[in-house]
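User: I would like to understand how labels such as "buried" or "salt bridge" are justified from a model. Could you take me through some cases, setting each value against its cut-off?

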Amino acid sequence: MSANKRIQWLHSRIAEGHYPNASRIAEKFGVSHRQAQRDVDFLRAKLGAPIEYNAEHRGFYYTKPFSFPIYITSDNDDEYSGFAGKLSAAQHSESTLVQMQIPYNAEIEVKNKLGVLELKNFIVAQTEKSRYICEFHSVELFLGVLVSINADIKILSPEWLRNRALDAAERIIKNNKE
């Protein structure tokens, strides 16, 4: 089972108020307790999830509402089965959802018109002068495009995406200093 699916499952369980813990993640997905704890740490550090541990419930919870896109890979998936069961029979009879990904959203500031043109495939709305809402399915692709175009771009939100871009830039700078 992929790390993506474990993170999705963990998020779903926390959001539903089930207080999952590292032992339960390890048991469900057949990974080590240490790997399960790394999944929790990834959700907290890389995605900015407000996760805390509740000793009384012996599991994790969100200290404030948190969400991110859900990725569904097949109708054999446990999560898909629960999702599909909630749909009416008419909506999904004789059809199979093979892959669906809800896009990520980001608000960026781009003051260069050429930069806006180069980002046209991602931009879905303009919020105010020089500020745009972008949708994308691949974080890596989106960040790669931001780096490759010749424009001054500021990631306004979400914070986890801005932090990921900063971490990558710092790593590149560190590795290329003489």
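User: Why is arginine 13 called partly exposed?

Analyst: In this predicted model, arginine 13 has a relative accessible area of 29%. Buried means under 20% and exposed means over 50%, with partly exposed in between, so arginine 13, at 29%, counts as partly exposed. The label for glutamate 16 follows in the same manner, because its relative accessible area of 47% also lies between those two limits.

User: What makes glutamate 16 and arginine 13 a salt bridge?

Analyst: Their closest N and O atoms are 3.9 Å apart. A salt bridge needs a side-chain nitrogen of Lys or Arg within 4 Å of a carboxyl oxygen of Asp or Glu, so a distance of 3.9 Å satisfies the rule for this pair. By this rule the count comes to eight salt bridges.

User: How do you know that lysine 46 and aspartate 167 form a salt bridge, and which parts of the chain does the pair link?

Analyst: The N to O distance between their side chains is 3.7 Å, and because the limit is 4 Å, the pair qualifies. Lysine 46 sits in the loop between α3 and β1, whereas aspartate 167 belongs to helix α8, 121 residues apart, and in this way distant parts of the chain are linked. Lysine 46 is partly exposed at 37% relative accessibility, and aspartate 167 is partly exposed at 32%.

User: Are aspartate 39 and arginine 6 buried or exposed, and how do you know?

Analyst: Aspartate 39 has a relative accessible area of 4%, and arginine 6 has a relative accessibility of 7%. Because buried means under 20%, aspartate 39 is buried and arginine 6 is buried. Their side chains meet in a salt bridge, with 2.5 Å from N to O. Aspartate 39 lies in helix α3 and arginine 6 in helix α1, so this pair ties together parts that are 33 residues apart in sequence.

User: Why are the buried residues of α2 said to be on the same side of the helix?

Analyst: The buried residues in α2 are Ala22, Ile25, Ala26 and Phe29. They cover an arc of only 100° around the axis, and therefore they are placed on the same side of α2. The elements that cover them include α1, α3 and β2.

User: What makes β6, β7, β5 and β8 an open sheet, and why are β6 and β8 called its edges?

Analyst: The four strands are arranged in the order β6-β7-β5-β8, with antiparallel pairing. β6 and β8 each have a single partner strand, so one side of each is left without a neighbour in the sheet, and this is what places them at the edges. From one strand to the next, the twist averages 35°.

User: How do you know that β7 pairs with β5 and with β6?

Analyst: Two strands count as paired if there are at least two bridges between them. β5 and β7 have six bridges, while β6 and β7 have four, so both pairs meet the requirement. Among the bridge partners in β7 are cysteine 134 for alanine 106, phenylalanine 136 for tyrosine 104 and arginine 131 for glutamate 128. Glu128 and Arg131 are also linked with Glu109 in a network of salt bridges. In the hairpin of β6 and β7, two residues lie between the strands, and serine 130 takes a positive phi near 70°.

User: Which residues of β7 are on its covered face, and what is phenylalanine 136 in contact with?

Analyst: The covered face of β7 carries Tyr132, Cys134 and Phe136, whereas Arg131, Ile133 and Glu135 are on the uncovered face. Leaving aside neighbours within four places in sequence, phenylalanine 136 is in contact with Pro103, Tyr104, Asn105, Ala106, Phe122, Phe142 and Leu161. Helix α8 lies across β5, β7 and β8, running at about 145° to β8.

User: What makes a group of residues a nonpolar core, and how many residues does the largest one have?

Analyst: The members must be buried nonpolar residues joined through side-chain atoms within 4.5 Å. The largest such core has 37 residues, and those with the most contacts inside it include Phe136, Phe142 and Leu161. Elements that give two or more residues to this core include β5, β7, α7 and α8, and α7 gives the most, with five residues.

Definitions and conventions. Residues numbered from 1 in each chain as written. Predicted model: local features only at pLDDT ≥ 70, side-chain atom pairs only at ≥ 80, totals over all residues. Heavy atoms only, no water. Buried < 20%, exposed > 50% of the residue type's maximum accessible area, 1.4 Å probe, protein only. Axes fitted to C-alpha atoms, helices over the stretch in contact; angles between N-to-C directions. Contact = heavy atoms within 4.5 Å. Arc of directions from axis to C-beta.
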